[in-house]
Structure formats: structure tokens, C-alpha cells
Amino acid sequence: AGFDYSRAKFSRVRDTGVTDCGTFDLYDPVYGQFEPCDFDLNPLGEVPLETLPDRVQWQAGLYLQDQIRLGPWIAVLGLRKDWTATETVGAADEKADALTKRAGLMYELPFGLTPYVSYAESFVPTAGSDFFDRPFQPLQGESIEAGFKYQAPGTSFVINSAVFDATEQNRLAEDPDHPGFSVQSAEVRLRGFEIEAKGNLTDEIKLIAGYSYLDARHTAGDQAGFKVESLPRHVASLWAIYTFQEGGFKGFSFGGGIRYNGSSWDGFDQVETPSFTLFDAMLSYETERWTWTLNATNLEDEYHLTTCLNRGDCFIGAGREITTGLTYKF
């Protein structure tokens, strides 16, 4: 059982500069057509900023959960009650509350296989407001999931897999008419499948592999029928690590991996973000007390885009990153 509480206070100003630009197709650009853009960045304070009323958003939650075991059966049952409010100076308070439930049932088979089913509801307060300063409504949803967990007896090798079907209301999305602001979608549905395998193939070799398939679509509102923005349908990864167990290199480990992100869309099925594949690597040395690590991501320094939005702007993914760390264990 537990209780949680959060409170955020916002003192707000903004500059609603005028934007008057023509569109520009990133994938079929036409140069030489000058169209002026008026971005009022107010660098010298020549135009007074708009002062918005102070706002307080708070949330309180009371929850109770129990895990029950009867022989090979395991059940998880939970209830949660949430209260939330948005209080804006000069305006009426906006309040919401919800009772959400969760339940799961598992069965442990004697040869390491544990199938399960679960049901869950969600209620998550969302901070912020849209272009017209209307506070966001809480994110609400429900999901059904079925899958299995398998661990080979006497080993550390584990396989987890699941299929799921979830719906969400009030999910945040980029506002296509007001750059820099967000709107809330009426409803989205997320259906998919995922599988993960990890553990030691031998004393020296550890493997981590995963794949997920996601069909995410808007099911109501202005975007009904379109794919949910920025969510790729296919994501896969594979990692292998080799650890020297004896000899002069005992304590050293090295490994490499590959990550694949499939293509994604902009929320209106007009702008597609291409898929990309990245390579990573690691090197480490461990003693009883010390651990040194060297990690590199995006080894090839591959230029890639993580997502492109309907209004036409794209976000560039991180280039090559190399980090190192030293840890001492007491």
C-alpha cells in the first residue's frame, strides 16, 4: 500500500511571434523561391512578452496491491485512486479523478515455462497546456497482454515474449498548426508483439537479442486512420559479449551490437522518416573491486533522422558517442 503526491507551480511568459512562411519539401526541394518569414524573436524587448496567469497542477494517488501464490499459480491484483487538479489564477479549477485497476495471472510449469495474462488501466496527469492555454487532460488507457517467460532449468538463459493490445486517450502530439505546441489526440490504439532473449550461451559468451512489432494508429479525431507519429513498426537489436575466464586476459570483456529502427510517419501519413541501422561496441576490465568500461555508440557516426513531423521539421539522431567510466566497489 502507498500514497504519492506531486505539485508543480508555473510562472509563465511567452512570445507569440508571427510566422508567415511557405512550405518546403525536404525530399523534393525546390530552391530559389524566396519567401520571407517573420519570426518575432523579440531580442531587444521591443515587443512586450505576454504574461500568462500563474498555474498550479497537483496530483495525489492512493494505491493497494497484493501478490498471491497458490502452488504453481501466481496472481497480482491492484487498485489505485488518483485525484488531480489544475488551478489557474483568474479561472475555475479543473479537476479529475479516476479509479484504475490491474490484474495478472501466471502459471509456473515445471520445465521453466511460465505463461501469463494481464489487464491494466492507466491514468496519468499531463503537465502543460496547448496553444490556447487550455490545460492538458490526463492520459488514460487500458491494455490487455498475454505472453510467456521461459528460463531453461539450471541456466541463466531467459526468453520473454508478449502480444498486447492497448488504447490511449489524450496522448500528446505535435500541433500541426502551431509549431512548438502540442495537442491531444482523441484516441490511439497500439497492437503488437515483442520477444527478447538474454543470457549466457556458454561461460564466455552472453547474448542479448530483441525484436518488436508495433501497429500504432489513431482511431478517433482528426487523425483517425493515420499511423501514430514517430513510432516505428519494426525495432530490433542484437548484442554479444565475450568475457575471458582465464589466462592473461582474465577479467576483460568485449562486445558489439547492432540496432535497427524501422521507418516511421508524421501523424498524417505524408512524411516518412527513413529506417536506420546503428552499430555499438564495448570493452571492459573487472577485478574484485574495480571495473573499467569503455562504450561506443553509433560507431560509424551514421547520419540519421529519428523522426520527422507533419509541419516539415526533422530531428537528427546522436552521432558517435564514446564514454568511459571507472567504478570502485566497497
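Me: Strands here are DSSP runs of at least two residues, numbered from the N terminus. With that in hand, where is Ser230 found?

Reply: Good place to start, and do keep in mind that this is a predicted model. Ser230 is in the loop between E11 and strand E12, which covers 234–243. It is partly exposed, because its relative accessible area is 28%.

Me: What should I look at in the backbone there? What is phi of Ser230 near?

Reply: Most residues other than glycine have a negative phi. Ser230 has a positive phi near 70°, and it is not a glycine. Asp133 is another such case, with a positive phi near 65°. Asp133 is placed in the loop between E5 and E6.

Me: Is Asp133 buried or exposed?

Reply: The cut-off you need is that buried means under 20% relative accessible area. Asp133 has a relative accessibility of 17%, so it counts as buried.

Me: Let me step back to the whole chain. How many helices and strands does it have?

Reply: There are zero helices and 20 strands in the chain. For overall form, look at the radius of gyration: the chain has 25 Å, while a compact globule of 330 residues would be near 20 Å. The C-alpha trace spans about 70 × 55 × 45 Å along its principal axes. Of the 330 residues, 26% are buried. The chain exposes about 20,500 Å², with 58% of that supplied by carbon and sulfur atoms.

Me: And how do I read contacts between distant parts of the sequence?

Reply: Take the contacts between residues at least 6 apart in sequence: 54% of them join residues at least 24 apart. Glu142 and Thr167 make a handy example, being 25 residues apart in sequence but 5.7 Å apart in space, C-alpha to C-alpha.

Me: Which residues does Glu142 touch?

Reply: Glu142 lies in strand E6. Not counting residues up to four places away in sequence, it touches Tyr119, Ala120, Glu121, Asp165, Ala166 and Thr167. With Tyr119 there is also a side-chain polar contact of 2.7 Å. Glu142 counts as partly exposed because its relative accessible area is 40%.

Me: How do I read the pairing of strands?

Reply: In a regular strand the side chains alternate between the two faces of the sheet. For pairing, follow the bridges from strand to strand. Strand E4 (residues 94–107) runs antiparallel to E5, and five bridges join them. Leu105 stands opposite Val117 in E5. The hairpin of E4 and E5 has five residues between the strands, and there Gly112 takes a positive phi near 100°. E5 is also antiparallel to E6, through twelve bridges. One residue pair to find is Pro115 with its bridge partner Phe148 in E6.

Me: Which strands does E16 pair with further along the chain?

Reply: Strand E13 (residues 252–261) joins E16 (residues 276–286) through ten bridges, running antiparallel. Ser253 stands opposite Ser284 in E16. Six bridges then link E16 to strand E17 (residues 290–297), also antiparallel, and here Leu283 stands opposite Leu294. E16 and E17 form a hairpin with three residues between them.

Me: Back to the loop between E5 and E6. What does the side chain of Asp130 reach?

Reply: Asp130 sits in that loop, between strand E5 (113–124) and strand E6 (139–151). Its side chain reaches the backbone nitrogen of Phe132 at 3.0 Å. A second polar contact, of 2.8 Å, joins the side chains of Asp130 and Arg134. Leaving aside neighbours within four places in sequence, Asp130 is in contact with Arg14, Phe136, Phe181 and Ser182. Its relative accessible area is 11%, so Asp130 is buried.

Me: Last one: which residues make up the largest nonpolar core?

Reply: Five residues do: Val188, Leu190, Leu214, Ala216 and Val228. Strands E10 (187–200) and E11 (205–220) are the elements that each give two or more residues to this core. To explore it, click on Ala216: beyond four places in sequence, its contacts are Arg189, Leu190, Phe226, Lys227, Val228 and Leu231.

Definitions and conventions:
Residues are numbered from 1 along each chain as its sequence is written. This is a predicted model: local features need pLDDT of at least 70, side-chain atom pairs count only at pLDDT 80 or more; totals for chains, interfaces and linings use all residues. Side-chain values use heavy atoms; hydrogens and water are left out. Helices (H or I, at least four residues) and strands (E, at least two) are DSSP runs, numbered from the N terminus. Buried means under 20% relative accessible area, exposed over 50%, partly exposed in between (1.4 Å probe, protein chains only). A polar contact is a pair of N or O atoms within 3.5 Å; within protein, one must be able to donate a hydrogen and the other to accept it, and residues adjacent in sequence count only if both atoms are side-chain atoms. Contact means heavy atoms within 4.5 Å. Two strands pair if DSSP finds at least two bridges between them. A nonpolar core is a set of buried Ala, Val, Leu, Ile, Met, Phe, Trp, Tyr and Cys residues joined through side-chain atoms within 4.5 Å. The radius of gyration is taken over C-alpha atoms; the globule rule is 2.2 Å times the number of residues to the power 0.38. Accessible areas come from the Shrake-Rupley method with a 1.4 Å probe; for residues, only the protein chains shown count as cover.
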